[in-house]
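Take a look at the chain below and turn it around once before reading on. The text then goes from the fold to its interior and its open spaces.

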Amino acid sequence: MQRFFVLAVLILLGWLTYRLSPILSPFLVAGILAYLGNPLVTRLQRHRISRTWGTTLVFVLVIVIMAGIIMALLPAIRHQSSLFIEYLQKYVELLQTQLIPQFSARIGIHLDSQSITHYATANAQKLAGWLGRSLQLALSSGSGLISSILSIILVPVLGFYLLRDWPRLIARMAALIPPHHLPLSQRLASDADTMLMAFLRGQLLVMLALGTSYAIGLSMVGLQTAILVGLVAGLLSFVPYLGVVSGITMASLAMYVQTGAFLPILWVLIVFGIGQLLESMVFTPYLVGDRIGLHPVAVIFAVLAGGELFGFVGLLLALPVTAVLIALLRHLHGWYLQSPYYLGKES
């Protein structure tokens, strides 16, 4: 009976998450921020600073740092975004007037550049029109606009209260666990917490390190949109190979339009090759650790499955949930290896 009750509760929580996913995003973002900030506030408490004042200090520090980063990077990102859009337009012109005719002459097959360009332009216009209508609908919809504004405002407010009351929330959740299951639950929770915290912090640091490395390297080889490409590649690097593939594509296109030659693209490939070596040999081992690193296949499946099932909320939950499940599966694997079934001691 107890097992059926636990299963029913889990099914109910999954159903509620699915149904309420459109409004859960600010709560989940706030929860992740509170989870990451809790160790720092706890450390401040050890220096006789109250939980409320510690939370306030951490939030002020984060806001100042984020505001400084945005103020420093926003002008460059805005300029480079406009420049990249110009590069895309020039690339379409080059594709029509030079690249397709040259390729057609080399392979000996006639390719109608006008038809190909018209097809690409028509689909690009359809995509732009769809995005424009979606944006217009979101802005014209009073409820949608209010919801977006409330979500932005709610994240710091919810994050502050969750971070301040984090120990109370954990204590209340622990109080719901039956006493005879408490030691095992605490051990599992401790292992999952260790893995999840190290993974989240490490992954954020790896994204920052990769984005910075790409931006510096591309700037050194003369790419004028280096900061934009490095930012995009760094942010997308939480999914294996997505960041590097997106970065190489954007940087190669921009470098070709900027220089008018294919040879400088080699420098782009060298920059991303060095970035991948740094990620595998330096960033991931030292910032994430091989012990808690998730297999690329598991990461890709988790992100795709989370996004398909729960949308943006699923994307937020995918990697943290996967990290926790892997920590629990390690315990299950240990129990299985010691079980009578595996040891062949069943009567």
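What follows starts with the whole chain and then moves to cores, one loop residue and a pocket.

This is a predicted model. The protein chain has 13 helices and 0 strands. Read from the N terminus, every element is therefore an α, as DSSP runs define helices and strands. The chain holds 347 residues, and buried ones make up 29% of them. Its accessible surface comes to about 22,900 Å². Carbon and sulfur atoms own 72% of that surface. Now consider contacts with a separation of 6 or more. Residues 24 or more positions apart account for 71% of these.

Next, the interior. In soluble globular proteins, nonpolar side chains tend to be buried together. In this model, the largest nonpolar core has 28 residues. Leu218, Leu223, Val229, Ala251 and Phe272 have the most contacts inside it. Which elements give two or more residues to this core? They are α3 (51-107), α7 (182-220), α8 (226-235), α9 (242-259) and α10 (265-288). The most comes from α9, with 8 residues.

Phe272 is a good place to zoom in. Leaving aside residues up to four places away in sequence, Phe272 touches Tyr214, Leu218, Val229, Ala233, Val244, Gly247, Ile248 and Ala251. Three of the core residues with the most contacts, Leu218, Val229 and Ala251, are thus partners of Phe272. A second core is separate and has 18 residues. Ala34, Leu36, Met197 and Leu319 are among them.

Now a turn to the backbone. Arg48 sits in the loop between α2 (21-46) and α3. Arg48 is not a glycine, yet its phi is positive, at about 65°. Is the residue buried or exposed? Arg48 has a relative accessible area of 84%, so it counts as exposed, the cut-off being over 50%.

Last, the second largest pocket. About 2,200 Å³ of space lies in it. The lining has 45 residues, and the closest to the pocket centre are Leu33, Leu36, Met66, Leu204 and Met207. Leu36 also appeared above, in the second core. The elements that give two or more residues to the lining are α2, α3, α5 (142-164), α7, α8 and α12 (312-337). The largest share is that of α3, with 13 residues. What is the lining made of, by class? It has 37 nonpolar, 7 polar and 1 charged residues.

Notes: Residues are numbered from 1 along each chain as its sequence is written. This is a predicted model: local features need pLDDT of at least 70, side-chain atom pairs count only at pLDDT 80 or more; totals for chains, interfaces and linings use all residues. Side-chain values use heavy atoms; hydrogens and water are left out. A nonpolar core is a set of buried Ala, Val, Leu, Ile, Met, Phe, Trp, Tyr and Cys residues joined through side-chain atoms within 4.5 Å. Buried means under 20% relative accessible area, exposed over 50%, partly exposed in between (1.4 Å probe, protein chains only). Helices (H or I, at least four residues) and strands (E, at least two) are DSSP runs, numbered from the N terminus. Contact means heavy atoms within 4.5 Å. On a 1 Å grid over the protein atoms alone, a cavity is a set of points where a 1.4 Å probe fits but cannot get out, and a pocket is an open set with protein on both sides within 12 Å along at least five of seven lines; lining residues have an atom within 4 Å of a point. Grid points are joined across faces, edges and corners, and a volume is the space filled by probe spheres set on the points. Ala, Val, Leu, Ile, Met, Phe, Trp, Tyr, Cys and Pro count as nonpolar, Asp, Glu, Lys and Arg as charged, and the others, Gly among them, as polar. Accessible areas come from the Shrake-Rupley method with a 1.4 Å probe; for residues, only the protein chains shown count as cover.
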